[in-house]
Amino acid sequence: MAAEPDAPAIPLLTPYKMGKFTLSHRVVLAPLTRQRSYNNVPQPHAILYYSQRTSPGGLLISEATGVSDTAQGLIHTPGIWTKEQVEAWKPIVNAVHAKGGIFFCQIWHVGRISTTDFQPNGQAPISSTDKPLKQQMGSKSDGETQLPRRLRTDEIPHIVNDFRLAARNAIEAGFDGVEIHGAHGYLLEQFMKDTVNDRSDEYGGSLENRCRFALEVVESVVKEIGAERVGVRLSPFTEHGECEDSDPRALGVYMASALSKYNILYCHMVEPRMKTALEVVESSHSLVPMRKAFSGTFIAAGGYSREDGINAVAENRTDLVAYGRLFLANPDLPKRFELDAPLNKYNRNKFYSHDPVIGYTDYPFLE
């Protein structure tokens, strides 16, 4: 009797070589702010959370992690600028490695999203600009808008250095690499996008000037830990944090092309359809021009279903697909995708609660 033909491979679940890392599938845990790192220190409950979502040869990107004491803007988000924070990350990273996962630390600075509540000595948060947000995002108090302080030209190298030290600390904590957060209206994007950046120095005006700060961060981090350990996340089309650009396609292509020159490991981009975290819109744009402009591994994110992910990989629009809400609610997401099993529904009300279990480690696995 003839043997049964093997079922065709599901493109999303095929192996992939990302630099020196061998991935067993292309389903990536997206970076997800969880607000359960009390006083900016990662907690033991994160060991279970991340290890639940680890599969052998799976890539995980950590929640956004502050590079300094001026970088924070949301309560209970982790940092990686102190010895205590580095030590607290170690058992979390070890748990991911013990299950065969590859773990990158997303490092960020929120810029004007912050308020005096979060800043050392109650100082003003820093930005590319002194224009305030119309609506403050992360305040501990009553959310009144606050004037950010425009960084002086001579201060910018200090912030670049904060990213460099954070990257070094991430490697010390055991992470396989870092993802520089250049998306979603945070500090790097406040420089890149022309509706926010109103500078007249070498960090403002032209596209090249607006991207200079982000690329200086990339260069500094690459020199510190090696290009093969560096990824960058970008969202040229989004409007998070009242941060948009008049020509997002040009911004995306310029950055993808510039990042290629540093030979970084991956570029992680958010789909044009994601205007904000909550709002999916029709868009005539696609990430394909950025994919073509970037020579390394390309990761796409933003509202992907299983079917969307399969199609994107099959059509060579991306190498890997990052899943956020679905992975949060389905710790065994790659397995469910493989079996085309039903998915748990996520509970949006519990995304940012500070509970160490509920909405965090209590989503069920397949039997």
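Which residue follows α5, and what is the sign of its phi? α5 is followed by G226, with a positive phi near 100 degrees. The model is predicted, so that local features require pLDDT of at least 70 and side-chain atom pairs count only at pLDDT 80 or more, while totals for chains, interfaces and linings use all residues. Residues are numbered from 1 along each chain as its sequence is written, and side-chain values use heavy atoms, with hydrogens and water left out.

Helices (H or I, at least four residues) and strands (E, at least two) are DSSP runs, numbered from the N terminus. The 19 residues of α5 should span 27 Å at 1.5 Å a residue, and the end C-alpha atoms of α5 are indeed 27 Å apart; the expected span is 1.5 Å times one less than the number of residues. A kink of about 40 degrees is centred on F213 in α5, the bend being the angle between axes fitted to the seven residues ending at a residue and the seven starting there.

F213 also belongs to the largest nonpolar core, which has 81 residues; together with Y50, I80, I107, I180, L259 and Y323, F213 touches the most other members. A nonpolar core is a set of buried Ala, Val, Leu, Ile, Met, Phe, Trp, Tyr and Cys residues joined through side-chain atoms within 4.5 Å. Buried denotes under 20% relative accessible area, exposed over 50%, and partly exposed in between (1.4 Å probe, protein chains only). Helix α5 (residues 207-225) gives the most to this core, with ten residues. Another core, of 16 residues, lies apart from it and includes M18, L265, Y266 and I299.

For helix α6 (residues 248-261), the 14 residues should span 20 Å, in agreement with end C-alpha atoms 20 Å apart. Its buried residues are P248, L251, G252, M255, A256, A258, L259 and S260. These pack against α4 (187-192), α5, β10 (230-234), β11 (266-270) and α7 (288-293). Beyond neighbours within four places in sequence, L259 is in contact (heavy atoms within 4.5 Å) with L215, V218, V232, L234, I264, C267 and F294. N263 follows α6 and has a positive phi, near 55 degrees.

The structure holds zero disulfides, a disulfide being a pair of cysteine sulfur atoms within 2.5 Å. The closest cysteine sulfur to that of C105 is in C267, 18 Å away and therefore too far for a bond. C243 is likewise in no disulfide, with the sulfur of C211 the nearest at 12 Å. C105 is buried at 0% relative accessibility, and C243 is buried with a relative accessible area of 0%.
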